[in-house]
Amino acid sequence: MTLSASPPNRDIRVCIDRGGTFTDCIAFYPAADGSGRTETLIVKLLSVDPDSYSDAPREGIRRILENITGIPHPKDRPVDTSRIKLIRMGTTVATNALLERRGDPSALIITKGFKDLLHIGNQSRPKIFDLAIAIPDVLYKEVVEVNERVRLAGKTPDMSDASSKYERGITDEYVQILDALDVDQIKKELTAVHNRGIESVAICFMHSFTFPHHEKIVGELAKQIGFKNVTLSSEIMPTIKILPRAASAMADAYLTPGIQAYIEGFFEGFDEGVRDPSKVRVEFMQSDGGLAPVQDFSGYRAMLSGPAGGVVGYAMTSYYKAPVIGFDMGGTSTDVSRYNGSYEHVFESTTAGITIQAPQLDINTVAAGGGSRLFFRNGLFVVGPESAGADPGPACYRKGGPLTVTDANLLLGRLVPSHFPSIFGATQSEPLDPAASRKAFEKLTAEVNSSLAKRQMSVDEVAYGFINVANEAMCRPIRALTQAKGHAVSDHILACFGGAGGQHACAIARALGIKKILVHRHSSVLSAYGIALADVVHEVQEPAAHVLGSESLSEIERRLELLKQQCRQYLIDKGFSETDIDVEVYLNLRFQGTDHAMMTLQPADGDYRKAFSDHHQVEFGFTLQDRDILIDDLRVRGIGRSSVAEDAEQNVFEEVGSLQKRDARKPKEQLDVYWEGGRIPTFVYSVSELSPGDQITGPALLMDQNATIALEPLCRATMTSRHLYIETLDKDQDAQDSTAYDPIRLSVFAHRFMSVAEQMGTTLQKTAISTNIKERLDFSCALFGPDGGLVANAPHIPVHLGSMQEAIRWQLQNASFEDGDVLLSNHPSAGGSHLPDITVITPVFNETDHKISFFLASRGHHADIGGIRPGSMPPDSKELFQEGAAIKSFHLVKNGHFDQAGIVSLLVDEPAKHPGCTGSRSLNDCISDLKAQTAANNRGITLVRELIKEYGLKTVQAYMHYIRANAEGAVRTLLKDVAQKRGRTLVAQDHMDDGTPICVKVTIDEARGEATFDFEGTGSEVWGNTNAPRAITFSAIIYCLRCMISSDIPLNQGALKPVTILIPEGSLLSPTDGAAVVGGNVLTSQRVVDVIFRAFGACAASQGCCNNFTFGRGGPDGFGYYETIAGGSGAGPTWSGRGGTQVHMTNTRSTDPEILERRYPVLLREFGLRKGSGGVGANRGGDGCVRELEFLTTLEVSMLSERRVFAPYGAEGGGDGARGQNTLIRAKDGRRVNFGGKNATTVQSGDRLRIETPGGGGWGAPVGK
């Protein structure tokens, strides 16, 4: 490359990865012998060591200079940069600031009506069983709402109204200016914010992705007022969806000043040369795998700065034809990624509760690193997510730290103190302390053994058990990254790096069926080395709204050419020559009617349609040939080639094939190391003493300069010029299944069972078409035993938890199954919840005796299955047939045939036979989603059969029973504890808004840890739709029990084994066969939960409602839209309620406001918190929400809600939450009408519906009363 010349003596280039635990530095400099060779020097130091230095990267550079020059560089003087040519860095500064909320005071400037948008987020809660809903705080200190508003008007709007003003946006869509900017008012408000000491602002307005004019005006005003940092959402990521765009802009405003301050502090430790780019180039790694000059490094693109270097490192050194999995295990966490010839990017991710919309490498992080803490909880071995960090670090670091994965490896002999840096203790000069690790493990082993009835475990076995559980935790994201995207994990090569990766790589590879492992010579510092191999990158992106085709091609090519010119000019201005610049062009494409866009690289032949369709087929297993392909975004990535590591990487696979192989010479050092089965005398090799062609067969320890590779038995390593090439050899399978109880294996199976359900959910979300399933995530997937009992349910929708197993058990009693069958059911009397929730059930037959060994099931909410109202959620239904298609049992697939004609008849013809009803108004989406549910179940079958093949059927089914017994034991312990604290009889009552009581009496047998839940006294079935099938009460009980267990346990059928449930026949909770039930699933279920928690005294009531809102129309262009709306959660003894969140039995997401307005004829006028609606108390209840929509055409509108009469109760002296309120506002005369809790009407253009959701109850008497 051609860049500004540096003086000839500037010949040291330093690349740094500042991680959570260690900072890795690698320096490149000319050999002292004048041969022209490039030497490397590696320095590794703790990222945080305040007693020794203030900044680890600067200290690393100081040590490098001392080592290379031989000249002292005192710590108390600025570092001399006269020999430095280049500094490159990947840093966790932005991530840490976000995690610890240490950014700069900032303000958010947003469209009026949306001031609480970032607080509410997508309205889902991260952990569905936590009553104390913990969501990280918003980043802004203040919010300014701006009275500006535009609406998307399409490409051919009706402009006949002369009073309306229209502007053409970037996407060629017109926007109508509803409210113009009041510049004087905005200037006044921004000046007041600045006068209060805030110097950084983020600006985000509705639809600014296509119409950024208003943002730019306000941005210029802010700069004139004196704000030091002004971030416009339309500049940093101009894509549709205001929520992630606003969050990204806010993150940038919050983090960028801190990054600039960090850089300034970093520079202050050097002489003035570091500030002059003509002398020292300083570049930072970005999340997308490209470098940015220091002056252009910003907060929102810095989240994966360090891990991105590792991806570049293994991609450039390990890839050759076969796909590679990157396995980067550090001290705090493990990052996994995939490379198959090009970088895989994602464009929306969540870090520390904040959604960032920016190009990022697709890196999955799991909280299992060398510093991950070890626990024994509820009979399970648990690794992480808590970490010991760099200070105090693991127990063996001599700072009184906790027990960690590193301690386990040390105790087992897989880490050798004499080969590990002596940087520990008070003087930072002592070695690792094995005695501290052993002492802590002896204590933990005693705890484990106290829970075992039969055999006792040794300290070695316990430590090795934790290693196995950590390995399984790290396998889960690798399976998700490969299998869930249609790739066979065994086809990959494992590229292992990170300081702790070598100790686990062989075991990880064997568990995944991977045969080849590569460990680069710089594996322990590969992220830093990858930063040396990276290029400077500049990206530009613009939104689009075109159909892919010949008509749009010329306009798209014109816009792309302008973007390419921007990229090239940026890189030329940074000193790159034209010959060193490459440009990549992408179109962000999706099928019409779907939400999932895929960034598609321009193919060599220019056929985007084929490239997109092929990619879609591989990842999702289908294409939609009859649908248009839409272009959402144009993206150009400019690359300035600038690798620092100039020595070309030889193809390692060709080198292995050509090497003369020989057994490596046996070393003198031999240690007693624990491997599977016991301790074995193990040779310790030094990698630096090995020559290309040397081979070692495990077990062995291979010691590198900064890492240890544990070469397990039946693994063989071959030394090459730059890698250790490791093969996993075939292992004899155990002759018979082992069904004996083992807490280690139980912990592993807990991961594996849950992984099945999670991957099913991933498959369903990706292959589904409808907004309900793909975007709102209104679905659940689960694994069941041959008896129909729940084994593992991914944490999706709580109301499905206990009810799906009732659906399977009904089919077991009433239907026949053959291998390959897929059954469908949604009827309340057959274990259903309400009719839109359709369950698809697939049996897994054992291949030897052809008996059912497991069931897989997926339940999804379908947008419209017919009935009297669009959306199939009628507030006025009185009988089941009015709610749509009701199916007890139907063979969706028989003998490999998908019975489309049969299901069309059930969804369209059958509902239309009833008076006032029609069939499904969204038939194509229903069919597509049912195929997606079938595909999800098939994914589960594959995973279950792999599990059976790996462990044997008897073992897998034995651990199915053990995992249920584990949940059962946790519930029995809970019930005994409750009996001691609150007594053996618990009673509670609450009412539905129509006055129907729901009563429960819980009688606890303290000695046995059992309880009877008796709902005698509950009101009778109603002539309405709040009747709840029995399965819903089962779900509510299992949910409540799980919430009251403080630690994480596997949730399954075992949780209900100590429980007897008595429900009066013909009551609200056990209605007759034809009763309407659509509200029972979404309203009554919430009240049952409130009643149970009231009996147990667990917390105050949450909003107690899902606030079900639907609109749509019939006819040829008919549609149905459905959403649930967040409210306030109840407070408890140690927490305040959360405002604006989904509670208890639902956890669906909201549709982004910009997506909502682009797709449907509505305007979202307001979506915010309902201030003061939470109950007062020592701990306040959470506030409800306000959601107001204006309708732009004639539509049918329905509202199905509760807690409009009976308020959410407070507890222990706390106040009640505010009741909800629904108000219809007529445009014609301005009339405001109480719409009631359950109602439907036809609205005209300009009418509005204002929905105010209930608040949560408070806990404890307010302070001062």
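This is a short walk through two annotated domains, the cysteines, one helix and one strand residue of the structure above.

Before anything else, please keep in mind that what we are looking at is a predicted model.

Let me start with the annotations. The UniProt record, which is an unreviewed entry, places a feature called "domain: Hydantoinase/oxoprolinase N-terminal" at residues 13-225, and in the model that span is 24% helix and 30% strand, with its end C-alpha atoms 41 Å apart. From UniProt, again as an unreviewed entry, comes "domain: Hydantoinase A/oxoprolinase" at residues 245-539; here the chain is 35% helix and 21% strand, and the end C-alpha atoms lie 17 Å apart.

Turning to the cysteines, how many disulfides does a search of the whole structure find? The search returns zero. Take Cys-204, where the closest cysteine sulfur belongs to Cys-1185 and sits 19 Å away, which is too far for a bond, given that a disulfide needs the two sulfur atoms within 2.5 Å. Cys-204 is also buried, its relative accessible area being 0%. Cys-396 likewise takes part in no disulfide, and its nearest cysteine sulfur, that of Cys-496, is 19 Å off. Cys-396 has a relative accessibility of 0%, and therefore counts as buried.

Now to helix H24, which runs over residues 1078-1096. Its 19 residues, at 1.5 Å a residue, should span 27 Å, and the end C-alpha atoms are 28 Å apart, so the expected and modelled values agree. I would put beside that agreement the fact that H24 carries a kink of about 40°, centred on Thr-1084. As for its surroundings, 18 of the 19 residues of H24 are buried, and the helix is therefore largely enclosed by the rest of the structure. Just past the helix comes Gly-1097, which adopts a positive phi of about 65°.

Finally, I would like to look at Gln-360, a residue of strand S19, which covers residues 360-361. Is Gln-360 buried or exposed? With a relative accessibility of 2%, Gln-360 counts as buried, because the cut-off for that term is under 20%. Which residues, then, is Gln-360 in contact with, once its neighbours within four places in sequence are left aside? They include Ser-287 and Asp-288, then Met-303 and Leu-304, and also Glu-344, His-345, Val-346 and Ser-349.

To close on the cysteines once more, the search of the whole structure finds zero disulfides, and both Cys-204 and Cys-396 are buried.

Definitions and conventions: Residues are numbered from 1 along each chain as its sequence is written. This is a predicted model: local features need pLDDT of at least 70, side-chain atom pairs count only at pLDDT 80 or more; totals for chains, interfaces and linings use all residues. Side-chain values use heavy atoms; hydrogens and water are left out. UniProt positions are given in the numbering used here, feature names are shortened, and annotations may be inferred rather than shown by experiment. Helices (H or I, at least four residues) and strands (E, at least two) are DSSP runs, numbered from the N terminus. Buried means under 20% relative accessible area, exposed over 50%, partly exposed in between (1.4 Å probe, protein chains only). The expected span of a helix is 1.5 Å times one less than its number of residues. The bend at a residue is the angle between axes fitted to the seven residues ending there and the seven starting there. Contact means heavy atoms within 4.5 Å.
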